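This short report covers fold, surface, core and annotated spans. Please view the chain first.

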Amino acid sequence: MIKKLHQMGVKSGHMYTAGLASIGLAFASWILSKNAESAGLDRADRWGIFVGEWAPTFFAMGVALRMEETHRDLEEPSVGMFEQESTRSRSHAGV
């Protein structure tokens with residue numbers, strides 16, 4: 001799923017922004033529910049908690065997308081430690 005989101009152009013920054021926005025939305029929904037509805041504080045708390053639970057999900061997806069973004073750097077062919085050793089002249093006797 002993360003790879004597909006990355007292919008669709010979703011960036012880790014988008015998910016971090018969504019996480020921060022959901023924190024603000026949780027607070028706003030709590031205030032609106034508390035002041036606009038006559039259902040009481042319990043219902044306002046439930047709305048705030050419901051929306052507030054989205055933030056960790058967005059942040060986790062942001063971390064996963066960041067890993068996907070940097071994964072490409074690891075796949076690029078580069079000279080590794082063992083390849084460097086094979087090109088060096090061996091100075092040890094018989095090794």
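A contact here means heavy atoms within 4.5 Å. In the protein chain, 73% of the contacts with a separation of 6 or more join residues 24 or more positions apart.

The model is predicted: local features need pLDDT of at least 70, side-chain atom pairs count only at pLDDT 80 or more, and totals for chains, interfaces and linings use all residues. Residues are numbered from 1 along each chain as its sequence is written, and side-chain values use heavy atoms, with hydrogens and water left out.

**Fold and surface.** The protein chain has five helices and zero strands. Its order from the N terminus is α-α-α-α-α. Helices (H or I, at least four residues) and strands (E, at least two) are DSSP runs. Of 95 residues, 20% are buried, meaning under 20% relative accessible area with a 1.4 Å probe, protein chains only. The exposed area is about 7400 Å² by the Shrake-Rupley method with a 1.4 Å probe. Carbon and sulfur atoms supply 63% of that area.

**Annotated spans.** An unreviewed UniProt entry annotates residues 12–32 and 47–65 as "transmembrane region". Such annotations may be inferred rather than shown by experiment.

| Span | Helix | Strand | End C-alpha distance |
|---|---|---|---|
| residues 12–32 | 100% | 0% | 30 Å |
| residues 47–65 | 95% | 0% | 28 Å |

**Core.** Leu5, Val10, Met15, Met61 and Leu65 form the largest nonpolar core. Such a core is a set of buried Ala, Val, Leu, Ile, Met, Phe, Trp, Tyr and Cys residues joined through side-chain atoms within 4.5 Å. Leu65 touches Ile2, Leu5, His6, Val10, Lys11, Ser12 and Met15, leaving aside residues up to four places away in sequence.

Technical notes. Buried means under 20% relative accessible area, exposed over 50%, partly exposed in between (1.4 Å probe, protein chains only).
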